[in-house]
Amino acid sequence: MRVFRGFHHPGIARACALTIGNFDGVHRGHQAMLALLRSEAQHRGLPSCVMSFEPHPRDYFAALAGKPEAAPARIATLRDKLSELERCGIEQVVVLRFDRAFASQSPQAFIDDVLVRGLGARYVLVGDDFRFGSKRAGDYTMLDAAGQRQAFDVARMMSYEVHGARVSSSAVRAALAGGDMAQVAGLLGRPYSISGHVIHGRKLGRELGYPTLNLRFAHRKPAAMGIFVVQVHGLAATPLPGVASLGVRPTIEDAGRVLLEVHCLEWPAALGAQGGYGRCVRVELLHKLHDERRYDTLAALQAGIAKDEADARAWLASTA
């Protein structure tokens, strides 16, 4: 899969079958849309292309209004979103910066400059609630009419439901906020996971007897926060069980920087004490134990971690 920041690149396909969206989480509804896109692309002899945005448009508008707290919680990092799009067989992704210039485009300018001249779209697949252009003035009817005039096909995919409930990023966020990891897995079609490179931290976990792998979550507002039973992929031939904290570390700093800190319950001797640093790992969040807690002392924190480890081992044993 080829990834482009913007569409002014010589390597970008001159024509494509395109879908447009944020694709946060790449849930089962997204997956169904991407499967349809791939099928239509193959029938037309075109590469499949996803146009997505960074930052999320709602992040931009929340910041513009001076209300960053109104931005949606983020399910996935850009790395994880791109990884899932690749797993779905997409051939090309164009990530556009959502800024003032982009937000102020008229709907027709978006069609002319982005879809037609920028990406050479010959087929455009959108969701049932798709809106575009300044003040969200463009809709499916306008896009379809433009396609008839400007020689590209337009299709709309209606909502995707599981057990009678609409699958959406909002539903995934709600399930993550509620700590219902089984429901999250049902909506995503896979366990929820976060990936990234292991970075150096303050080494406090090591001092307390619980060394951790530290991964940054770049967005300030993750959809999931708390203490979780996890599995770590990428360090050994089989996943390593662990317990993890995802959040802002209220006992230590509470500085707003989001970290995923993972203590592996088993550690391959071949890695050595420093063997995790710099590796790219994927951490599956299997079960939520509780929300983050602020402890009064480091001794209380150490006791809390010990209890979390025991609870994680008990949960893993109950599901073995």
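This tour goes through the structure one selection at a time, from the whole chain to its sheets, helices and cores.

**Before selecting anything**

The model is a predicted one, in which local features need pLDDT of at least 70 and side-chain atom pairs count only at pLDDT 80 or more, while totals for chains, interfaces and linings use all residues. Residues are numbered from 1 along each chain as its sequence is written, and side-chain values use heavy atoms, with hydrogens and water left out.

**The whole chain**

Begin with the protein chain in cartoon view, where there are 10 helices and 14 strands; helices (H or I, at least four residues) and strands (E, at least two) are DSSP runs, numbered from the N terminus. The radius of gyration is 22 Å, close to the 20 Å that the globule rule gives for 320 residues, so the chain is as compact as a globular protein of that length; the radius is taken over C-alpha atoms, and the rule is 2.2 Å times the number of residues to the power 0.38. Along the principal axes, the C-alpha atoms fill a box of roughly 70 × 45 × 45 Å. Buried residues make up 49% of the 320 residues, where buried means under 20% relative accessible area, exposed over 50%, and partly exposed in between (1.4 Å probe, protein chains only).

**The parallel sheet**

Next select the open sheet of six strands whose order is 1-4-3-2-5-6 and whose pairing is parallel; two strands count as paired if DSSP finds at least two bridges between them. Its edges are strand 1 and strand 6 (153-157), each of which pairs on one side only, and the twist averages 20° from one strand to the next. Inside this sheet, strand 2 (residues 16-20) and strand 3 pair in the parallel sense over four bridges, and Ile20 stands opposite Met51 in strand 3.

Now add helix 3, which lies across strand 1, strand 3 and strand 4 and runs at about 165° to strand 3; such angles run from 0 to 180 degrees between N-to-C directions, with axes fitted to C-alpha atoms, for helices over the stretch in contact. Show the side chains of residues 78-87, the extent of helix 3, and find Asp80, Lys81, Leu82, Glu84 and Leu85, which are buried. These buried residues pack against strand 1 (2-5), helix 1 (28-44), strand 3 (48-53), strand 4 (92-96) and strand 9, contact meaning heavy atoms within 4.5 Å. Just after the helix, Gly89 takes a positive phi of about 85°.

**The antiparallel sheet**

Move on to the other selection, an open sheet of six strands in the order 9-14-11-12-13-10, with antiparallel pairing. Strand 9 (193-197) and strand 10 (213-216) are the edge strands, and the twist here averages 35° from one strand to the next. Helix 10 (residues 298-319) packs on this sheet, touching strand 11 (226-233), strand 12, strand 13 and strand 14 (280-290), and its direction makes about 95° with that of strand 14.

Then isolate strand 12 (residues 240-247), which pairs with strand 13 (residues 259-264) in the antiparallel sense over six bridges and with strand 11, also antiparallel, over seven bridges. Strand 11 and strand 12 form a hairpin with six residues between them, and Gly234 in the turn has a positive phi of about 110°. Ala244 is a useful residue to click on: Phe228 stands opposite Ala244, and the bridge partner of Ala244 in strand 13 is Val262. Eight of the eight residues of strand 12 are buried, so the strand is largely enclosed by the rest of the structure.

**The cores and a buried arginine**

The largest nonpolar core has 36 residues, of which Leu176, Tyr192, Val232 and Val283 touch the most other members; a nonpolar core is a set of buried Ala, Val, Leu, Ile, Met, Phe, Trp, Tyr and Cys residues joined through side-chain atoms within 4.5 Å. Helix 8 supplies the largest share of this core, four residues. A second, separate core of 30 residues includes Met51, Tyr60, Ala103 and Val126.

Finish at Arg173 in helix 7 (residues 169-177). Is Arg173 buried or exposed? At 13% relative accessibility, Arg173 counts as buried. Leaving aside residues up to four places away in sequence, Arg173 touches Asp24, His56, Arg58, Pro72, Ala73, Ile75 and Ala223.
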